[in-house]
Amino acid sequence: DGLTGFKVEIKPAGGEWTEVAMTGPTELTHSVSLTSPDSWTQFRVSSVYSDGQTASAKIFGLAGQYK
């Protein structure tokens, strides 16, 4: 209850987490683009609630660099 949206973040190899999108509560997809087949990128999606709390899902990674 109180879900306001989802925060999508990416982390390139050796980099820091960067927010790439804040979606609405009914938006269940977000597109990213492969910019290089080298290295890898981690992804993290968090549920954001009206009281300011967040809940992160399991972090996952893909080969390549994404933006």
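A polar contact is a pair of N or O atoms within 3.5 Å; within protein, one must be able to donate a hydrogen and the other to accept it, and residues adjacent in sequence count only if both atoms are side-chain atoms. Keep that at hand for the exercises below.

The model is predicted, with local features needing pLDDT of at least 70 and side-chain atom pairs counting only at pLDDT 80 or more, while totals for chains, interfaces and linings use all residues. Residues are numbered from 1 along each chain as its sequence is written, and side-chain values use heavy atoms, with hydrogens and water left out.

**Exercise 1. The overall picture**

Find how many helices and strands the protein has, and what share of its residues is buried.

Solution.
- Step 1: Start with the elements, where helices (H or I, at least four residues) and strands (E, at least two) are DSSP runs, numbered from the N terminus. The protein has zero helices and five strands, in the order β-β-β-β-β from the N terminus on.
- Step 2: Turn to the dimensions. Along the principal axes, the C-alpha atoms fill a box of roughly 40 × 20 × 15 Å.
- Step 3: Look at burial, where buried means under 20% relative accessible area, exposed over 50%, and partly exposed in between (1.4 Å probe, protein chains only). Of the 67 residues, 24% are buried.
- Step 4: Add the surface, using the Shrake-Rupley method with a 1.4 Å probe; for residues, only the protein chains shown count as cover. The accessible surface is about 4,600 Å², and carbon and sulfur atoms hold 51% of that.

**Exercise 2. The partners of β1**

Work out which strands β1 is joined to and how many bridges each pairing has.

Solution.
- Step 1: Recall that two strands pair if DSSP finds at least two bridges between them.
- Step 2: Take β3 (residues 34–49). Strand β1 (residues 3–12) runs antiparallel to β3, with nine bridges joining the two; I10 has F43 as its bridge partner there.
- Step 3: Take β2 (residues 18–23), which is also antiparallel to β1 and is joined to it by five bridges. Here A21 of β2 stands opposite V8.
- Step 4: Inspect the turn. Five residues separate β1 and β2 in their hairpin, and G14 in that turn has a positive phi of about 75°.

**Exercise 3. The surroundings of T41**

Decide whether T41 is buried or exposed, and find which backbone atoms its side chain reaches.

Solution.
- Step 1: Locate T41 in strand β3.
- Step 2: Check its accessibility. T41 counts as buried because its relative accessibility is 1%.
- Step 3: List its neighbours, with contact meaning heavy atoms within 4.5 Å. Beyond four places in sequence, T41 touches I10, K11, P12, F60, G61, L62, G64, Q65 and Y66.
- Step 4: Pick out the polar pairs. A polar atom of the T41 side chain lies 3.4 Å from the backbone nitrogen of Y66, and the T41 side chain reaches the backbone oxygen of G64 at 2.8 Å.
- Step 5: Compare sequence and space. T41 and G24 are 17 residues apart in sequence, yet their C-alpha atoms are 24 Å apart.

**Exercise 4. Two partly exposed residues**

Describe where V32 and G2 sit and what each one touches.

Solution.
- Step 1: Place V32 in the loop between β2 and β3. V32 is partly exposed because its relative accessible area is 31%.
- Step 2: Find the contacts of V32 beyond four places in sequence: F43, Y66 and K67. From C-alpha to C-alpha, V32 is 9.7 Å from I10, with 22 residues of sequence separation.
- Step 3: Place G2 in the segment before β1. G2 counts as partly exposed because its relative accessibility is 26%.
- Step 4: Find the contacts of G2, again leaving aside neighbours within four places: V48, Y49 and S50. G2 and D51 are 49 residues apart in sequence and 7.5 Å apart from C-alpha to C-alpha.
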